[in-house]
Amino acid sequence: MFRLGAEWAVRLPRRSVAVPLLEHEQRWLPALAAKLPIAIPAPARVGHPGEGYPWNWSVVPWLRGTTADITPPDEDQAEPLARFLQCLHVAAPLDAPTSRVRGVPLTQRAAVVEERLHRLESRTSVVTPAVWRAWQHALEAPWEGESTWIHGDLHARNVLVDHGTISGIIDWGDIASGDKATDLAAIWMLLPSTACRQRSMAAYPDRSEALWARALGWAVLFGALLLETGLEDHPRHARMGELTLRRIAAE
């Protein structure tokens, strides 16, 4: 990312693996932006290879705010987060991208997640029996395969906060059609108190017990992923993962 004046930024892939992710943003975000109540960086211009640079690139709006891992949202952001997710979670077109790791049945991720949880048990104190129960309940919760748009990676470093208000949702490379429970995990990754999280859940229109069991399972998945990888070389990720797992255990 490079600033381009006061209002814009230039977003360029650094690795070939990121090229299709940027193309997903270019293809789908302009249409979604008008339907969402929180700003997203929908590309305003698409650049093409040239002058020695090999891939497409984007000019996007510069969104104000600090990432939520540094500046958490205020308590009154429970309902706005739920409204944003409600507006996003609509049926995706047949040619929407899909993911092998996000928005899929949690049973497909079970082996990897459980191996990670066992490793974390030997290194930390945050993988409690409550975390294991939440994970087991998530695996048992049915999903009928109804797919919607999902962000796919809605952790605190992809959410911007400006003076306590959620001001932007960024990094949409993992956008896909899949299980909306994936994104609802953000309630445990972002919101600071039990009461706040309960208000956000109550404001979301789908009250299915199976949905919320899966959402909590996705929160376990993301929390374990962020904590384990963060313990290696990224303290901010480790802190995000630890907070998520502690919130799950507390409830």
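Here's a quick briefing on a sheet and two pockets in this structure. It's a predicted model, where local features need pLDDT of at least 70, side-chain atom pairs count only at pLDDT 80 or more, and totals for chains, interfaces and linings use all residues. Numbering starts from 1 along each chain as its sequence is written, and side-chain values use heavy atoms, with hydrogens and water left out.

**The sheet**
- Four strands (DSSP E runs of at least two residues, numbered from the N terminus) make an open, antiparallel sheet in the order S1-S2-S4-S3.
- S1 (2-4) and S3 (45-47) sit at the edges, each pairing on one side only; pairing takes at least two DSSP bridges between two strands.
- S2 (residues 8-11) and S4 (residues 57-61) run antiparallel and are joined by 4 bridges, with Ala9 opposite Val60 in S4.

**The largest pocket**
- A pocket here is an open set of points on a 1 Å grid over the protein atoms alone, where a 1.4 Å probe fits, with protein on both sides within 12 Å along at least five of seven lines; lining residues have an atom within 4 Å of a point.
- This one has 35 lining residues, with Met1, Arg11, Arg14, Asn158 and Asp171 nearest its centre.
- Helix H8 (209-233) is among the elements giving two or more lining residues, and H8 gives the most, at 4; helices are DSSP H or I runs of at least four residues.

**The second largest pocket**
- Its lining has 13 residues, and Ala68, Asp69, Met240, Leu243 and Arg247 lie nearest the centre.
- H9 brings the largest share of that lining, 6 residues.
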